[in-house]
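Notebook open, model loaded. I wanted to go through the rings, the helices and the surface, one entry at a time.

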Amino acid sequence: MRWALVKVSLAVTTMVVLAFAVPLGLVIRELARDRAFSGAEREAAAVAPALSITTDRDQLERVVASAGSDAGMAVHIPAGDGQDAIELGRQRAADQDIAAVRKLGRASTTGVTGGSTLLQPVALSTGEIAVVEVYVPESEVTNGVGTAWAVLAAVGAALILGSVAVADRLGVRMVRPAKRLVEGARELGEGKLGSRVPEEGPSELRLAAVAFNSMADQVVQLLANERELAADLSHRLRTPLTVLRLNTASLGEGPAADQTRTAVEQLECEVDTIIRTAREAKPQTAAAGPGAGCDAAEVVRERMAFWSALAEDEGRKWRVAGAERPVRVPVARADLAAALDALLGNVFRHTPEGTALAVDLHNGEDAVIVLVSDAGPGIPDPEAAMARGRGSGSDGSTGLGLDIVRRLAESTGGDVRIGSSVLGGTEVRIWIQLDGRAPVGRGHRGAVRRRRPGRLAAAFKQT
């Protein structure tokens with residue numbers, strides 16, 4: 001498009017310049033010619049009064065000399081009344097041309113070697129017609145024409161170059177937004193859902209950019225809805241299924257109990273398959289925009305209230321710390337609830353009954369830490385567990401729980417760590433960055449004031 005605009009501008013400007021420059025150049029040449037012959041006419045007119053009074057050679061020679069053009073002027077006086085013909089100056093015109101002017105009585109120009117001559121008839125007192133010949137050299141006829149043509153050519157070239165430069169800038173102004181639109185569409189097709197196009201350029205391209213950005217927002221929203229459905233599936237199905245599986249242990253022995261346990265196991269396998277399939281097809285969506293978030297303390301209290309019934313049935317001691325006051329985090333409420341349900345479900349699923357658990361919420365200036373701890377046997381290989389959270393799952397685990405937690409933390413610039421808890425079991429630490437920057441240091445020291453481990457352990461001893 002850019003080069004097409006340049007070519008069109010070059011062609012149009014060239015035609016316009018030629019349409020004006022060629023006639024103007026011809027006019028300049030004719031003006032120079034008219035100027036030269038006007039001067040010749042004035043010289044001839046200076047001699048005419050003397051010819052009408054006298055035909056004396058000496059006097060005429062002085063008149064011609066006073067005109068200052070004796071080298072380029074000639075006077076042809078015919079013979080008559082007993083007077084011989086008089087020829088003053090150098091004759092350049094042909095005799096027949098001089099005779100034709102004398103006969104017609106009109107001025108005429110004729111070409112000669114090196115230029116042209118003006119033949120001006122003058123009536124004498126005797127009634128005869130004298131002819132004044134004024135020589136006009138070719139250099140005088142074309143004087144200043146070359147310079148004028150050069151100026152016209154320079155002006156025309158400048159106009160053409162200027163129009164090409166303007167067309168090129170306009171082309172860039174049009175092509176750049178179009179290229180950005182193409183790049184944005186390519187990036188969106190490659191899965192970079194955060195790609196947007198600047199709304200600039202001509203009005204048509206601005207409208208196209210607005211439409212593209214609106215479409216991209218809708219795509220992100222649709223894929224985010226799919227992500228929400230997958231996360232919702234994880235804690236809506238797995239949580240009741242975990243409770244159901246744990247309750248089957250109290251059914252005792254017998255065919256009905258065995259059938260129930262088998263059905264629950266089959267149902268759990270089917271749910272795992274569905275969740276794994278949804279996870280593999282889950283796209284990467286953009287993070288929540290500015291202003292989005294929830295109260296982490298409220299979400300912690302709500303989810304612990306949900307799991308407390310099962311904890312009491314299994315004789316588990318549980319405690320929540322740091323959730324007394326509101327703690328704002330830049331994540332969606334449903335995402336944080338799904339992450340907590342995934343971690344608490346793992347505690348109930350992989351630790352014996354009666355194992356204590358705790359959720360500890362730390363609020364700092366630039367980050368919030370959520371600790372989910374238990375007093376179970378711990379995780380022998382935390383790195384392998386995190387790898388399952390990044391993969392498709394193995395050893396009977398879908399890996400979705402830790403994947404939900406990891407995505408939640410990384411969407412804010414934070415991370416997830418697995419270590420040993422103060423209760424003696426596993427501690428999963430969710431680092432939620434508040435300002436979107438990368439975590440400071442491996443241990444995140446200095447950003448959040450930690451509670452002393454002994455205080456949490458002592459709290460369980462007192463309950």
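Started with a charge over a ring: the charged end of Arg-303 sits over the ring of Phe-306, 4.7 Å from the ring centre. Note to self: this is a predicted model.

Looked for another charge of that kind and found Arg-92, which lies over the face of Tyr-135 at 4.1 Å from the ring centre.

Back to Phe-306 and its surroundings. I counted aromatic pairs and got two. In one of them, the rings of Phe-306 and Trp-307 have centres 5.6 Å apart and planes at 90°; planes over 60 degrees apart count as edge-to-face, so that is what I call this pair. The other is Trp-307 with Phe-348: I get 5.1 Å centre to centre and 20° between the planes, a stacked pair. I checked where the partners sit: Trp-307 is in helix H8 (residues 296–313) and Phe-348 in helix H9, 41 residues apart, so this pair links distant parts of the chain. Phe-306, Trp-307 and Phe-348 together make one aromatic cluster.

Buried or exposed, I asked of Trp-307? Trp-307 has 2% relative accessibility, and the cut-off for buried is under 20%, so I put it down as buried. Phe-348 goes in the same column, buried with a relative accessible area of 1%. Phe-306 comes out at 40%, so I filed it as partly exposed.

Next, helix H9 itself, residues 333–350. How far apart should its ends be? With 18 residues at 1.5 Å a residue I expected a span of 26 Å, and the end C-alpha atoms are 26 Å apart, which agrees. I also looked at burial along H9: 14 of the 18 residues are buried, so the rest of the structure largely encloses this helix.

Ran the length check on helix H5 (residues 145–189) too. H5 has 45 residues and reaches 64 Å from first C-alpha to last, close to the 66 Å expected. After H5 comes Gly-191, and I noted its positive phi, near 100°.

Last entry, the surface. I found a nonpolar patch made of Val-8, Val-12, Met-15, Val-16 and Phe-20. Together these residues have about 510 Å² of accessible area. I looked up Val-8 from this patch, and it lies in helix H1 (residues 2–53).

Notes:
Residues are numbered from 1 along each chain as its sequence is written. This is a predicted model: local features need pLDDT of at least 70, side-chain atom pairs count only at pLDDT 80 or more; totals for chains, interfaces and linings use all residues. Side-chain values use heavy atoms; hydrogens and water are left out. Helices (H or I, at least four residues) and strands (E, at least two) are DSSP runs, numbered from the N terminus. The expected span of a helix is 1.5 Å times one less than its number of residues. Buried means under 20% relative accessible area, exposed over 50%, partly exposed in between (1.4 Å probe, protein chains only). Patches are made of residues with over 30% relative accessible area and no salt bridge: like charges are joined within 9 Å, nonpolar side chains (Val, Leu, Ile, Met, Phe, Trp, Tyr) within 5 Å. Accessible areas come from the Shrake-Rupley method with a 1.4 Å probe; for residues, only the protein chains shown count as cover. A salt bridge is a side-chain nitrogen of Lys or Arg within 4 Å of a carboxyl oxygen of Asp or Glu. Rings of Phe, Tyr and Trp (its six-membered ring) pair if their centres lie within 6.5 Å; planes under 30 degrees apart count as stacked, over 60 as edge-to-face and the rest as tilted. A charge sits over a ring if NZ of Lys or CZ of Arg is within 6 Å of the ring centre and within 35 degrees of the ring normal.
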